[in-house]
Amino acid sequence: MPIENTGVSSTPLIERWQAARRPGEDIPSYEAVVLGNLGRHADYAALVATREGKPDEVLWSGARFLAWLHRDPGAPYRDESPAMPRFAVAGLSEDIRQPLCEVVERALTLREPARTRCDRVHDGIVTSIEFLGLPLTRQADSPLVLLSLVGTQSRYDLVKAMFGATDQGMLALSTIRSGDGWVSDFKIMAANEGAARLLGRSIADLQWQRLTRVSARLSQDDAFGRLIGVIASEGRDVFEVSLPGADGRDLHLKIEAGCIGDLLALTFVDVGDLKAREASARLLFENNPLPMWLTDRHTHRFLAVNDAALAHYGHSLERFYSMTLTDLEPVATGASPVVDELYGPDAPRTHLRADGSRIEVTLYDRILDFHGRSAMLTAVIDVTERRRAEARIAHMAHYDALTDLPNRVLFRARLGEAIARQERTGTGALVLFLDLDHFKTVNDTLGHSAGDELLCGVTKRLAACLERGDLIARMGGDEFAILVQRAVSARSLSAHLIEAMSRPFAIQGQEVRVGVSIGVARLPEDGTDPDRLLRNADLALYGAKGAGRNTHHCFTLAMEAEVQARRALEQDLRAAFAAGDLELHYQPVLLVGSGRLAGFEALLRWRHPERGFISPAEFVPMAEETGLIDPIGEWVLRTACAEAASWPRSLRVAVNLSPVQFRNRTLAETVGRVLAETGLAPDRLELEITETVLLAENAANLAALHRLRSLGTRIAMDDFGTGYSSLGYLRSFPFDRIKIDRSFVSEMETETQAAAIVRAIVDLGASLGILTTAEGIETEGQFQHLRAAGCDEVQGFLFGRPMPVERVRRLIAEEAAEAAPARRAV
Ligand SMILES: Nc1nc2c(ncn2[C@@H]2O[C@@H]3COP(=O)(O)O[C@H]4[C@@H](O)[C@H](n5cnc6c(=O)[nH]c(N)nc65)O[C@@H]4COP(=O)(O)O[C@H]3[C@H]2O)c(=O)[nH]1
């Protein structure tokens, strides 16, 4: 607050100083500025002598400057102030010396007028005025500085300023004591705006009032007692009270009381918002659907537990309060609250509920201050179900859904572990690859559910043959693998498994027989990495299957060579076909009654440049596997039809169709096109199929057969009697001919059963109106039996081996010329 104007402006003084400089001078002389020139400015000025750039002594001072220097800052200036002799700057009080030094030094350094503010503090009152310092030269002596008080002097009450600067309420109270010395009340000595606002009165209304009159609530026992306590203990206290606010709502005040002698200083803070926040936090905690609790960070004791946690864990609140966090964890896990520090907050923990059940939980913790204690607020997420689901998914990734056996992935991993173990300890292992014989037949004939049942039965039986520690896995389809890391011979284990599998299974009320082929690879002899071992066991399995099923083969290096050789042969077959090196031979088929030619069966021939003649029984399956059978089959068909077209009308040609050719849905179109192209009458073409055609995808294949039949071709069932359920097939498709398999014919003379079967087939054909052709007749005796049985046609070495086309033509020509007898040697 301004209290007195010196009436001295800095501007004229500075102008005077500037004007007093002579040319070439940056600082004017003392004489030019001061002597006889200052006029009334001299009253407010003082002349300061300097030494080494610092103020040293005040040489003289004007009356008003002196008065300012000595007087109570609040008192007005008076002209009659006593003159003062020169005095040392060092003797001045600090609040004057500091700014004086500052302005003098700056004026000397800058060589220009300098200003600074001087604040004097006395009895809590701050008086401020400005110093102007003008540097002056003095002949042969240190420079002088003319110091002047300029501008307006202002005065502030420091306590009032601080009282007013805060939003907090402040009261200064003096004690009122009764006769016996007890504090009976307090008188308000001072109050600030904040207190007035919070207490709902003006400052004037508050001052000098007794506290009991101002606030009933503050006079009540609790609050009043605490204020008296502060006086008595000469200490401090902090407490909260609720007062009715000006708007009628309760104010929540935090009061800090401190004692200064017999006075009491109170500060008030409105903690209503804080309270509201606390209330919402409590609501968030207590009503949270997530289990939550608060524990002491050091003792791990429960300090608060919400309802959700009580419900989830089944403990009462009292029980929780009697426990520590560790009590929730089963002893066996050895987990402790420090687990978080080890594994991080996301590490799931196992907790025990009151009923003893275990749950998997993830804890989310926050450290907070709870009534001055370091506490941990924890939210609990029960992840039991999620973990179970994850475990289920992990199980599904490693186990077969049908048999619950480990799958290929897990088997491979375990095999990797066995290899590592072998490297460490030298313990070897056996890897067995198993493939069920005839599984596909069961699946195709009895349906997939029967197939599934069979696989489960097989699993049980295999497991029964094994010991603890052995691993059995389903590798897919009807393939199983076994890992054995104990001392057992491959031969005895395989024999045991084959024997177990050879017994019939009861599937859906039927007796089902399957066999098993086993390939064995040994660790470390046959490989020391999973892929190699599995591949070699697979190669051995391939060998076992080739050797006639229900048998086992151990991997040998020769097998690898065989695979190489087989690959080379595949290449050769491709090349031979491309080069036109495949041939067709024709085997004559004769009518039993007349002995005349009925036609020929076309049979593939491959004369390998190095290996010589290779049987179609060997290379046709290879062509089937590589897909080469499609173009080869079409070539056979075209060649045979073209050839037969040149034969007499009475002769037909039989062509074998592979089941693989039926996968090609355009088979019937191809046959139709070939017939059209070659000009062969459709009824002169007989297509021989095996029952496998009807086994696999039989609906689609039956449709294809009907399409072939609608072209006018004849359809014969080849190798009849060797398969699985031939009679059923005869019902499913009206075959034109049955070809009785060579295996029956060859045993006819020695096995009465074989002869009976042949007779039965012929009779069956006769009664169904299907012609019968017997294959593989080598002896006269066999022929006689067949004739006696009533077989329609015959084919075999006895009548003619498969022959090149030139000989066929010759034979046809001879027969035409001679009208030959029924039997002839070819
Ligand atoms: N021991 C003996 N064998 C006799 C006698 N009479 C005929 N054979 C042989 O019996 C087989 C009859 O053919 P398959 O049962 O259809 O059996 C055929 C057939 O399944 C398949 N095949 C041959 N050519 C073709 C073809 O062009 N396409 C298809 N898909 N398969 C073919 O290869 C198999 C074997 O053919 P091949 O070796 O030519 O063997 C022929 C024939 O030479 C005999 O009195 N004694």
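Colleague: Which residue of β17 does F370 stand opposite?

Modeller: In this predicted model, F370 stands opposite R373 of β17.

Colleague: What makes β16 and β17 a pair of strands?

Modeller: Two strands count as paired if at least two bridges are found between them, and strand β16 (residues 358-370) and strand β17 (residues 373-382) are joined in the antiparallel sense over 10 bridges, so the pair satisfies that definition.

Colleague: Why are β14 and β15 called edge strands?

Modeller: The open sheet is made of five strands in the order β14-β13-β17-β16-β15, with antiparallel pairing, and β14 (302-305) and β15 (349-352) each pair on one side only. Neighbouring strands of this sheet are turned by 40° against each other on average, with direction ignored.

Colleague: How do you know that helix α11 packs on the sheet?

Modeller: Contact requires heavy atoms within 4.5 Å, and helix α11 (residues 272-286) touches β13 (292-296), β14 and β17, its direction making about 110° with that of β13.

Colleague: What makes up the lining of the second largest pocket, and what is its residue character?

Modeller: The second largest pocket holds about 660 Å³ of space, and among its 19 lining residues, E278, A281, R282, L294 and F370 are the closest to its centre. The elements giving two or more residues to this lining are α11, β13, β14, α13 (317-321) and β16, and α11 provides the largest share, six residues. By character, the lining residues of this pocket divide into 12 nonpolar, three polar and four charged.

Conventions: Residues numbered from 1 in each chain as written. Predicted model: local features only at pLDDT ≥ 70, side-chain atom pairs only at ≥ 80, totals over all residues. Heavy atoms only, no water. Helix = DSSP H or I, 4+ residues; strand = E, 2+ residues; numbered from the N terminus. Axes fitted to C-alpha atoms, helices over the stretch in contact; angles between N-to-C directions. 1 Å grid on protein atoms, 1.4 Å probe; cavity = no way out; pocket = protein on both sides within 12 Å on 5 of 7 lines; lining within 4 Å. Points joined across faces, edges and corners; volume = space filled by probe spheres on them. Nonpolar A, V, L, I, M, F, W, Y, C, P; charged D, E, K, R; others polar.
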